[in-house]
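Good morning, colleagues. I should like to take you through one structure today, beginning with its strands and ending with a pocket.

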Amino acid sequence: MIARRPLWLEDAFGGEQDEEAHTRELRESIGADVCIVGGGYTGLWTAIRIKELEPDASVALVESVFCGHGPSGRNGGFALSWWPKLETLTERVGREEALRLARESERAVAELGAFCEREGIEAHFHAGGWLWTATSPAQVDSWLGAVEAAAQVGAEPFRLLPAEEVQARTGSPVHLGAAFEAGTATVHPGFLVRGLREAALARGVRVCERSPMVELDRDTGVVRTPRGSVRAEAVVLAGGSWLAGLREIRRAVVPLSSDMVATEPIPERLEEAGWRGGEAVSNCRLMVHYYRTTRDGRVAFGRGGGRLAFGGRVDGTKFEFNERQTRELSEELPRLVPFARGAALTHAWGGPIDRTTDGLPFFGRLPGRARVVYGVGYSGNGVAPSLTAGKILASSALGREDEWSGCGLNRGVPSRFPPEPIRFVGGLVVREAVRRKETREDDARSVDPVTRAVAGLAPAGFFRVERGR
């Protein structure tokens, strides 16, 4: 029987009763200097950063379920940089600022590890690097644009690996080459978010779970929940895909699912296959496959680009588990990780991704008399970037004028998708074309011109790739 919930959350919080025991509902009206809406990585890093900058500031955080219930507890645990998006960063913020942000994103990975060590957070931080691989002939050399962009600014974050070395490191003959980025890591998402929650509480942050925001007064800075409210000088909206419900952000973000499965522990197979380095692995598909090992010898395997939300509505259990996606993942896993064939799947789950047009997040301020700031749009790469986001949002919420409030990503909505229903219907058509195209490429079959043209309408993926180089 496959558990229909994230492995990470089960490890960190146990069963549903244990999760309930860890929550504190807001049942009164309180005041605070800053109110943060959202208890994932972004909200928690922002709270911690505010207390570092201004220890006497009062901070309240409200979360709809419990900290980590959203994407922060459902992701693959890849702590990656923005080096693969350097070209897109340059287009968004200019060459100098793009280089600064790429370097800061690399430092954020190391800073995450150092924070966990200093705070005693056993988040299974492992600096094993990231293999950005080709698993079909069509994907070979897709990383060259990012490699060349980095070289032009004097950076060398990647090392190109031949097929033989990638196959030896992963135990899988499907890999045809890779760009390896050493300055990345993996974490246990559940243990990380639990540790950040404890770190925030230790600094005096009031964390209120089972307390969804039901109303926001942009003029008075009041956040209302079903049984309480917070009146604050500044409000930080860190709700991920749920922010697509705001009118200013609705067309800038498309919520779509990413789905994962985890095998039973198979440490002997990992050892025999040669996958001993704990590298994070993802290929160059638009509907990217991503996979990694765990400390107890499991393979956690996922794929992005699943279900879409109409009108930006992320509700119910639509994004949490999907039988079709689980079945497809169970079929794709042995092709990419052959030694996992026959291993029992113990967990299957999904979660929403806040996808932007260029795959990068953006930050800004909503209109109104109160200071209401937001950050959204990680597009599947938020574990380490959320630490940087916390710096941007903390400085913005506190009204500070520094390198973070003045960051090139902190300029509001950069671009928009078409309105509904064009976005949803068009998204379905493009998604199916991408699925058809990449399935044929996986089998080394030709792709008809119409399918290729329609698939080409898809926005940038998790990372920009250069086809046919």
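Two strands are said to pair if DSSP finds at least two bridges between them. What you see is a predicted model, and strand 13, residues 280–283, with strand 14, residues 289–293, serves as a case of such pairing: 2 bridges join these strands, which run antiparallel. Within this pair, Ser282 stands opposite Tyr290 of strand 14.

Both strands belong to an open sheet of 8 strands, in the order 5-6-4-13-14-15-12-16 and with mixed pairing. At the edges are strand 5, residues 158–161, and strand 16, residues 345–355, each of which pairs on one side only. From one strand to the next, the twist averages 20°.

Let me turn to the helices that accompany the sheet. Helix 10, residues 323–336, lies across strands 12, 13, 14, 15 and 16, and runs at about 135° to strand 15. Helix 12 also packs on the sheet, where it touches strand 12 and strand 15. The direction of helix 12 makes about 135° with that of strand 15.

Which elements each supply at least two residues of the lining of the second largest pocket? They are strand 12 (254–263), strand 15 (299–308) and helix 12 (422–442). Helix 12 gives the largest share of that lining, namely 8 residues. In total, 23 residues line the pocket, and those nearest its centre are Phe417, Gly427, Val430, Ala458 and Pro459. By character, the lining divides into 15 nonpolar, 5 polar and 3 charged residues. The space in this second largest pocket comes to about 480 Å³.

Two further features deserve a place in this account. The first is a hairpin. Strand 17, residues 362–365, and strand 18, residues 371–376, run antiparallel and are joined by 4 bridges. Arg365 has Val373, in strand 18, as its bridge partner. The hairpin has 5 residues between its strands, and Gly368 takes a positive phi near 140°.

The second is helix 5, which covers residues 95–119 and so has 25 residues. From its first C-alpha to its last, helix 5 reaches 35 Å, close to the 36 Å expected at 1.5 Å a residue. Just after helix 5 comes Gly120, with a positive phi of about 70°.

To return to the pocket in closing: helix 12 touches strand 12 and strand 15 of the sheet, and these three elements each supply at least two residues of the pocket lining. Thank you for your attention.

Notes
Residues numbered from 1 in each chain as written. Predicted model: local features only at pLDDT ≥ 70, side-chain atom pairs only at ≥ 80, totals over all residues. Heavy atoms only, no water. 1 Å grid on protein atoms, 1.4 Å probe; cavity = no way out; pocket = protein on both sides within 12 Å on 5 of 7 lines; lining within 4 Å. Points joined across faces, edges and corners; volume = space filled by probe spheres on them. Nonpolar A, V, L, I, M, F, W, Y, C, P; charged D, E, K, R; others polar. Expected span 1.5 Å × (residues − 1). Axes fitted to C-alpha atoms, helices over the stretch in contact; angles between N-to-C directions. Contact = heavy atoms within 4.5 Å.
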